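Biologist: Please take a close look at one buried position and its surroundings. I would like the account to begin with the chain as a whole and then move inward.

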Amino acid sequence: MHYLVVLIIDDISQCPQLFNAWEEAGVTGLTIVESTGLGRIRRTIGLREDMPLMPSIRSLLQAQEEHHRTIFSIVEGEAMIDALIEATENTLGKLSEPNKGIFFALPLARVVGLASEEEVANRNRGE
């Protein structure tokens with residue numbers, strides 16, 4: 001069975017190490033999206049009562065936005081999910097600790113257009 005694996009990572013400076021760890025674990029492709037959460041928006045911009053209805057462009061440009069990265073991949077089998085959790089925690093630390101990240105996997109009823117592991121291996125060998 002295929003699964004959609006999603007990881008929301010808090011510290012984006014750790015992305016390169018994480019991507020390498022996932023590739024070493026066997027992931028053949030990733031989609032990476034810049035994202036942010038409501039908590040960060042509230043902390044950064046500050047949803048204050050005294051906020052002007054039309055803030056100036058200058059104040060908006062001066063506000064430094066903090067982002068997460070949301071990483072998506074489709075993998076096959078629960079063993080791969082376990083390998084990715086291990087690779088993730090070896091890179092980021094225990095996900096149960098604050099501000100590390102959120103990992104989840106969803107079973108997929110059907111996947112079309114994804115190369116099999118054998119096809120990817122053949123491509124990598126130049127066949």
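Modeller: Of the 127 residues in the protein chain, 26% are buried, where buried means under 20% relative accessible area with a 1.4 Å probe, counting protein chains only. The model is predicted, so local features need pLDDT of at least 70 and side-chain atom pairs count only at pLDDT 80 or more, while totals for chains, interfaces and linings use all residues. Residues are numbered from 1 along each chain as its sequence is written, and side-chain values use heavy atoms, with hydrogens and water left out.

The protein chain contains five helices and four strands, in the order β-α-β-α-α-β-α-β-α; helices (H or I, at least four residues) and strands (E, at least two) are DSSP runs, numbered from the N terminus.

The position in question is T88, in helix α4 (residues 78-92). T88 counts as buried because its relative accessibility is 0%. Beyond its neighbours within four places in sequence, T88 is in contact (heavy atoms within 4.5 Å) with L7, L18, W22, G93, L95 and F103.

W22 and F103 also appear, with V75 and L84, among the residues with the most contacts inside the largest nonpolar core, which has 19 residues. Such a core is a set of buried Ala, Val, Leu, Ile, Met, Phe, Trp, Tyr and Cys residues joined through side-chain atoms within 4.5 Å. At least two of its residues come from each of β1 (2-9), α1 (15-25), β3 (68-76) and α4. With the same sequence neighbours set aside, L84 is in contact with V5, W22, A25, V27, V75 and F103.

Technical notes
Buried < 20%, exposed > 50% of the residue type's maximum accessible area, 1.4 Å probe, protein only.
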